[in-house]
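Please open the model in your viewer and keep the selection panel at hand. The stops below follow one another as selections.

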Amino acid sequence: MTDYPHLLAPLDLGFARLPNRVLMGSMHTGLEERGDWDRVAEFYGLRARGGVGLIVTGGMAPNPEGGVFPGAAGLYSAGDIANHRRVTDRVHAEGGRIAMQILHAGRYAYSPDCVAPSALKSPISPFPPKALDEAGIEKQIADIATAAARAREAGYDGVEVMGSEGYFLNQFLVRHTNRREDGWGGSYENRMRLPLEVVARVRAAVGPDFILIYRLSMIDLVPDGSSFDEVIELAQRVEAAGATILNTGIGWHEARVPTIATSVPRAGFAWVTQKLMGKVGIPVVTSNRINTPEIAEGLLAGGAADMVSMARPFLADPDFVAKARSGRAREIAPCIACNQACLDHTFSGKVSTCLVNPRACFETELRYEAAATPRRIAVVGAGPAGLSAALVAAGRGHAVTLFDRAASLGGQLNMARRIPGKEEFDGLVDWFATMVAREGIALKLGAEARVEDLLSYDAVVLATGVLPRDPGIAGQDLPHVISYVDLLAGGAEAGPRVAVVGAGGIGFDVAEYLVTGDSPTRDPALWRAEWGVADPARHRGGLAPEGPRPEPPRRAVTLLQRKAEKPGKRLGKTTGWIHRAALQMKGVTMLSGVTYDRITPEGIEISLGPDRRLIAADTVVLCAGQEPERSLAADLEAAGIAHHVIGGADVAAELDAKRAIDQGARLAATL
Ligand code: NAP
Ligand code: SF4
């Protein structure tokens, strides 16, 4: 008997049977563009081995003009087929099934050659698209159908036609981007024509016994988006045109509403998919912020969908399904929806990977092989770097002892988890605790490790983390000045007016903590009000006409930095805008280019150019960055004990959990 009877139930598609209801959603890996097809094959092969029902690849362009950027991966020449064949062979050898996503970016293509229904530049691209003429439209449809036929030739079990997130097909559907007055624009019938023609032509190209998923934008979250009646009509017509499965798309990329970030409530958009249930005869997939088997099971049991799509959770853990099936759900490495190593990498031109699982997309080079000689290893510091090193070392067969002066595991993660919108860190800390117990790691918590405690080990790893930087501001010893550690870990209280010194990741987090009452991430209705999300059946595109309605801030906060640049500029590439918008909505004042003159009982005196002013504050919170804490290293050196230093203890600047976990894992893979 399983805990997940709905999730693990097979799905009969008539000509094919999926073993369960889990679809691995499309993600860009960045490996295909590097021609690293063995790595691509290994990446998908491991996910197939882990038991996922159906894999969808990252988006593949049907032609050069449709690529997300020049040189983007695609299947637009017969020569590409052999590369794709390596992937499908590997997945099939593992007993899996894989569909290729065909992604035509339209005006979202980062290229001067981009094309669209109308010559309207998108707000997220510098390139105005060319409006297609009749022949150009026919070429795009033909290229998409040819790509589908080639996908079949390459051994795929199906294709997913990307019709959502504001890409090419989506651009035809709504007046927001389609201002044509010919047979491809104007009425909804005309605006639907291109997506429907694409589905029909793809079906004709691949034959009847081939999976055809259509990803349909069910809530556009842009002005003048689709009404829900239009969504239903499109779904029914897409089914009639030959689709096998309907997948859910949520929000265009240019939408100013977060759709997958960690602060989005779990399964926060499943209600949209549910509105389509019963309106079509083919299986419907729900998506976005689903990251545990419990949530997925609940959605299916509650009738929100026939199948569940999870994408990033398969970066975090290729064995998600196998672990759920075998009663080991607590061992599933959780995707915390941070985007730090996946989407942020994609948008920086780097290979995607995962903060929680540094092996993701690096499976061929980062191997955790059984140690030839098991050794006794001491890891000092149970933050992300130390935990990662301890787990990998123990997994390889070493006898590991983990020390921390704190009484519990997690280090800085325990501060992150206190921030409203960062609740996913709870699951990460729990997972580390589960895995530490499972790997039989000995724990020495609640006492400072000293040199004499470490003498008997074969190897010592120092992961002692960081200390808050002392900014040396006159008056910082006054009683109303606290550090972020006092606030987030020490239980210090803040008054109604707060000045935050330092607008890095932690300054932003502290500001969020200070202004937010009940976390909207835990309250979907509150969250929707906060971001202005409405029922698309009542308001086109699902945007509330009154706009965002955030709760009033709990405190008046001023966030300060010395650099002249925009505050939050260095936050995550795909999430920084969310943090900035959230604080702006709460009325947080952000000042750049300040000089701190002194802190007084009234607040903090700053200079802003020639201007001197007092920021009145009852509390001043110092978030001025961090310095490595490696005092133990000096003692070990003095005693002649070799040791490895990782994480913040190694380099504190720009430290985050991604680097800490990666460095810990990579070191432990070599011990
Ligand atoms: P940080 O991002 O380096 O920010 C430090 C802040 O302190 C900056 O605003 C800096 O700006 C200021 N500062 C530096 N030296 C100062 C001094 N001597 N006096 C006064 N101000 C000073 O460090 P953090 O905020 O401690 O965060 C640590 C790491 O965790 C970072 O890598 C961060 O990205 C990561 N993190 C990320 C997130 C996230 O949301 N992704 C959240 C939390 C933490 P000025 O020098 O211009 O004043
Ligand atoms: Fe999830 Fe973050 Fe890993 Fe991306 S990097 S898969 S969001 S945990």
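Two strands are taken to pair if DSSP finds at least two bridges between them, and helices (H or I, at least four residues) and strands (E, at least two) are DSSP runs, numbered from the N terminus. This is a predicted model, in which local features need pLDDT of at least 70 and side-chain atom pairs count only at pLDDT 80 or more, whereas totals for chains, interfaces and linings use all residues. Residues are numbered from 1 along each chain as its sequence is written.

Select residues 376–380 and 399–404 to begin: these are strand 13 and strand 14, which pair in the parallel sense over five bridges, and Val-380 stands opposite Phe-403 in strand 14. Widen the selection to the open sheet of five strands, whose order is 15-14-13-16-27 with parallel pairing. Strand 15 (442–445) and strand 27 (644–645) stand at its edges with a single partner strand each, so one side of each is left without a neighbour in the sheet.

Next, select residues 211–219, which form strand 9, joined to strand 10 by six bridges in a parallel run; Leu-216 stands opposite Thr-248 in strand 10. Adding helix 6 (residues 228–241) completes a right-handed β-α-β unit of strand 9, helix 6 and strand 10, right-handed meaning that, with the strands pointing away from the viewer, the path from the first strand over the helix to the second runs clockwise.

Is strand 10 buried or exposed? Six of the six residues of strand 10 (residues 245–250) are buried (under 20% relative accessible area, 1.4 Å probe, protein chains only), so strand 10 is largely enclosed by the rest of the structure.

Definitions and conventions
Chains lettered and ligands numbered in written order. Heavy atoms only, no water. Buried < 20%, exposed > 50% of the residue type's maximum accessible area, 1.4 Å probe, protein only.
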